[in-house]
Amino acid sequence: MAERAGHGARAAEAGVIDLKDLVRALDQRRVADWTVIQRDEELAVLDETAPRLRRAERRTRWQLTVHVDSADGRGSARVALDGSAEDAGDVVARAAALARASLGSAWQSAPPSAPARVRLTDDALASAEPLAAADGIVRGLKRPGRLAVTATVAVAREQVHAASRDGLRATWLAALARADVLVASAAHSLAITREVRQLADLDLDAALAAAPAELDAIAQASAPTPGPCTLVLATDALLHGGLGVWEAFAHQADAAVERAGLTRYRERMPIAPGADHVHEPLTIASDGALDYATRSAPLGDDGDAVRRFTLVERGIAVGLGLSPREAALRNRDPNGGVRNLVVAAGSWSGAAGDAGPDRVVEIRRLRALAIDPFTGDASLEIALGFAGGKPFTGGTVRLDLIDALARAHRSRTRIRRGAYDGPAAVWIEHAELIP
Amino acid sequence: MNRREVLGALGAASASSLLWALGCGGRQDEAPRAPIAREDQVRAWLHDAVARLAAAGFAAPHALALTRRRTAAANDVLGAAVRRARADAVVLAVRDQDGALREQVTADVSADGVAAAVSALAAAAKPARVDFGRPIIAADGSPQPHDEELLAFADAIRTRDEALNSRIVYRAELVEIDDARVWSVAPGRDLEQRLVRVRQVATRVAWNGTRPIVAEVSRAWLGPAGSDELGKEAIEDATRGALALMTPAAFEDGEHAIVLAPSVVASIIDAAVPALLTTAAMRLPEVARRLELGAGAASAAITLVDDPTAGGNFDAYGGFHFDDEGEPASALMLVDRGHIVGRIADQAGVAAGRAPVAGRGRRPGHVGRVEPAASHLVLAPGTAAQTALRDDGFVLEGALGAVVDPASDRLVVSIARARELAHGNETGRVFGELELVANLGALLASVAAVSKETETFGFRDEVDGRPRWRSIAAPWLSARGTVRARRRPA
């Protein structure tokens with residue numbers, strides 16, 4: 001956990017309840033369990049789009065979770081507050097009343113576990129004012145010549161305080177910087193987005209350096225030639241929108257959905273037929289304690305300790321993201337849910353030329369990626385691809401992502417970006433490019 | 001897994017899970033409202049803030065305050081739940097000597113909180129004398145329903161549905177109210193509005209072979225929550241949509257004559273307008289080059305207007321009396337008989353020369369960053385009955401999402417089902433899981449007829465946890481386009 005040197009819990013804003021008020025009011029209530037999370041947030045946005053914008057925001061948010069037990073089961077309520085003057089006693093009374101009115105199946109909270117030890121900000125983001133940090137990022141951009149570069153940078157820093165009925169008290173500092181950069185020539189544009197908890201991970205220089213070549217490729221791109229192909233997903237396509245194609249596994253590992261029987265595969269079963277017998281079976285872990293990863297946290301929203309656990313091990317489904325309720329119903333420990341995905345690397349060189357003898361289509365950028373959370377079926381709309389060394393734009397690839405990624409060849413080169421740590425590229429056999 | 005297991009499993013998730021799924025974050029409750037007296041003081045705090053910012057030498061000082069309550073009641077196969085949440089904020093916006101915008105935002109809506117936000121922008125200064133003009137208050141006397149009333153509204157949706165049967169393995173009804181009071185103060189402008197946005201949703205799930213078929217219908221408006229806008233026919237259409245048995249034969253991919261149902265049309269508009277017809281979209285050279293004002297973009301049958309006033313009725317879900325930059329609401333023509341004649345613009349877009357008029361500067365949740373965004377889009381109806389649009393081809397119903405690539409104009413719309421037509425009549429063959437793939441311009445250019453009947457849809461999504469509201473009134477369209485199966489035969 002990262003503590004911000006010299007920064008304790010911020011004094012309550014005028015007219016705003018504080019954590020102590022809520023804890024005191026909760027202690028006076030006869031409820032089975034409760035958790036309070038207070039977030040003191042500072043947010044800044046610097047937008048270069050004319051007219052230039054500098055925005056600073058400060059707010060305190062609370063999340064209160066209350067459980068009430070009765071002979072008929074357990075009732076739960078969650079209160080979210082994002083505002084000013086309130087009375088802590090009234091908030092708690094209302095939450096308890098609602099919890100009593102929403103009884104469901106009985107379950108017991110697990111004893112509190114130690115929060116995960118994880119770094120959630122670097123010194124630069126922890127010490128600078130958010131607007132100054134955003135300013136620094138913008139000023140540090142290495143803008144390629146002859147192209148227009150417009151950046152929007154948002155920096156958020158929060159001091160989080162968590163308290164629970166069982167005496168758990170935790171405080172941590174977290175920061176997140178997001179850069180959205182539009183690089184444009186006279187006729188074409190491309191967007192670069194990065195989200196990081198430490199400035200060293202921004203990696204905008206390489207993306208900006210590559211932008212002129214990518215824009216040239218887009219300018220020269222022709223229409224795609226449909227047909228069967230071997231598909232190479234390069235990093236930006238692989239991680240489109242964040243976790244990209246790997247998001248399919250996050251959906252499948254949702255315990256509530258799995259309990260509803262609506263997931264593609266079941267625990268202790270291969271994720272796809274034969275997935276455990278391929279050359280390099282797929283292994284994926286959720287690691288919410290990965291330093292500086294964007295989905296890391298010491299505790300989950302319900303005050304449950306975040307843990308690393310394996311989702312898929314050598315092609316076999318072995319783990320699920322478990323909230324306190326789902327964990328209790330399965331007689332297991334909660335793990336904070338699915339967070340950052342760590343995917344085992346493979347042995348492929350990462351070069352498109354090494355991706356088998358068939359026609360190879362390398363996809364560099366996507367326009368859109370749609371994943372059916374229940375089936376893992378996905379549509380990939382192509383923004384920039386290469387076939388036979390020639391650029392093309394447009395076209396669609398449809399994949400059964402669970403099956404395709406279970407059998408995909410993974411590069412040995414790894415990349416860490418946002419909530420992902422794994423192979424920088426994959427290649428998939430027997431795909432089909434359609435117009 | 002059999003249907004009973006699905007029912008049990010989905011039921012275990014119950015209404016509280018529905019609230020999670022709808023982005024409500026689980027069962028939540030708001031804190032009791034702060035004393036009303038404080039709301040009466042807000043105007044005075046904002047006056048003081050603007051006067052101090054003006055005294056500090058800032059141009060165009062603007063203060064916006066918000067108190068917003070969100071209530072959602074859900075009712076499903078096994079139970080009911082109510083969720084409440086509250087957000088307050090003040091946004092102070094100024095233009096500095098370099099012409100740059102500066103904003104200071106605080107969630108502390110109190111005299112001290114507003115004063116602290118002013119101090120963060122400007123050193124202490126004696127307030128300047130500012131004429132704010134006469135206050136203009138757009139009041140909405142809609143009462144705030146109790147939890148029990150809300151649940152009764154949700155239950156009433158169920159009782160109107162006589163098409164329900166045992167093949168429906170899951171059903172849910174949702175009533176959602178966003179009740180926002182917004183103050184907007186600037187020199188010469190002293191505005192207040194209350195916007196009570198109501199959305200009703202019915203969801204139905206039935207099995208078709210090995211896959212669940214989900215059908216949803218919704219209505220949304222500004223005004224009292226108790227209205228039965230979501231009528232019996234619409235709800236039963238959703239139920240019948242979920243129950244429709246799909247033709248097992250493979251769909252023949254290709255270009256077809258198509259009739260687009262209003263939900264599909266609305267989905268296309270909702271994807272296309274932000275991607276192509278805003279001043280933000282004009283930052284992309286691909287869009288700026290292609291879609292200059294005056295450019296032909298659609299058939300002459302297409303006329304599109306953004307009208308936050310809803311024809312002066314102020315009852316559209318996405319409507320408002322003034323935008324989040326304090327511009328009074330007025331209708332804006334975007335496409336006139338196929339030609340682009342306007343753009344959705346905020347003040348920054350106008351300052352940058354990308355559009356002639358502002359009035360659509362909207363902040364997510366009224367307090368996020370300003371972005372140019374549509375309010376209530378109306379695709380002008382035609383004169384033909386929707387049944388007259390049918391010939392040979394397919395009726396496409398149930399939009400599941402649309403993507404428009406601003407760079408290439410490529411449109412992909414996921415469609416729940418296509419009903420085959422022959423000589424204007426349904427053949428009985430229904431195909432599921434399709435997509436409409438087209439160049440948007442070509443598709444719109446192929447529109448041959450527009451129905452006189454329209455349906456209105458409300459859209460709500462969130463940016464950084466803050467909602468964006470908009471609505472679209474859309475007719476049926478007949479056109480030509482490529483339709484293909486989304487799933488390949490195994």
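Let me start with the place where the two domains of chain A meet: in this predicted model, 22 residues of domain 1 of chain A are in contact with 21 residues of domain 2 of chain A. If you look at the side that domain 1 of chain A turns to domain 2 of chain A, you will find that the elements giving two or more residues to it are strand S1 (33-47), strand S2 (53-70), strand S5 (148-164) and strand S6 (169-184) of chain A. The largest share of that side, three residues, comes from S6(A). Sorted by class, the side of domain 1 of chain A that touches domain 2 of chain A has 13 nonpolar, seven polar and two charged residues. To place these two parts along the chain, domain 1 of chain A runs over 19-181 and domain 2 of chain A over 221-435, and their centres, taken over C-alpha atoms, are separated by 28 Å.

Now let us go to chain B, for which the domain assignment gives domain 1 (3-243) and domain 2 (254-485). Here the C-alpha centres of domain 1 of chain B and domain 2 of chain B lie 23 Å apart, and the contact takes 30 residues from domain 1 of chain B and 25 residues from domain 2 of chain B. Which strand gives the most to the side of domain 1 of chain B that touches domain 2 of chain B? That is S7(B), with seven residues. By class, the residues on that side of domain 1 of chain B divide into 17 nonpolar, eight polar and five charged.

Staying with chain B as a whole, we can count nine helices and 20 strands in it, and of its 490 residues, 56% count as buried. Among the contacts in chain B with a separation of 6 or more, 74% are between residues 24 or more positions apart.

One helix of chain B is worth turning in your viewer, namely helix H3 (residues 111-121), whose buried residues are B:Gly113, B:Val114, B:Ala117, B:Val118 and B:Leu121. Why do these residues sit on the same side of H3(B)? They do so because they cover an arc of only 140° around the axis. As a general point, an α-helix has 3.6 residues a turn, so residues three or four places apart point the same way.

Next, the nonpolar interior: the largest nonpolar core has 288 residues, and those with the most contacts inside it are A:Leu22 and B:Leu92. Strand S6 (residues 168-186) of chain B gives the most to this core, with twelve residues. Leaving aside residues up to four places away in sequence, A:Leu22 touches A:Ile17, A:Val36, A:Trp62, A:Leu64, A:Ala88, A:Val91 and A:Val92.

Finally, a word on confidence. Chain A averages a pLDDT of 89, with 94% of the residues scoring at least 70, while chain B has a mean of 87, with 89% of its residues reaching 70 or more. For the complex, the predictor gives an ipTM of 0.85 and a pTM of 0.88. Both chains, however, have a stretch to treat with care: pLDDT stays under 50 over residues 1-14 of chain A, and likewise it stays under 50 over residues 1-37 of chain B. The model does have 31 contacts beyond four places in sequence for that stretch of chain A, and 90 for that of chain B. Where pLDDT is low, though, the predicted coordinates should not be read in detail.

Notes
Residues are numbered from 1 along each chain as its sequence is written. Chains are lettered from A and ligands numbered from 1 in the order in which they are written. This is a predicted model: local features need pLDDT of at least 70, side-chain atom pairs count only at pLDDT 80 or more; totals for chains, interfaces and linings use all residues. pLDDT is the predictor's confidence in each residue, from 0 to 100. Two residues are in contact if their C-beta atoms, placed from the backbone, lie within 7 Å. A nonpolar core is a set of buried Ala, Val, Leu, Ile, Met, Phe, Trp, Tyr and Cys residues joined through C-beta atoms within 7 Å. A residue is buried if 20 or more other C-beta atoms lie within 10 Å of its own, exposed if 12 or fewer, and partly exposed in between; C-beta atoms are placed from the backbone. Helices (H or I, at least four residues) and strands (E, at least two) are DSSP runs, numbered from the N terminus. Domain bounds come from an automatic or database domain assignment. Ala, Val, Leu, Ile, Met, Phe, Trp, Tyr, Cys and Pro count as nonpolar, Asp, Glu, Lys and Arg as charged, and the others, Gly among them, as polar. The arc is that of the directions from the helix axis to the C-beta atoms.
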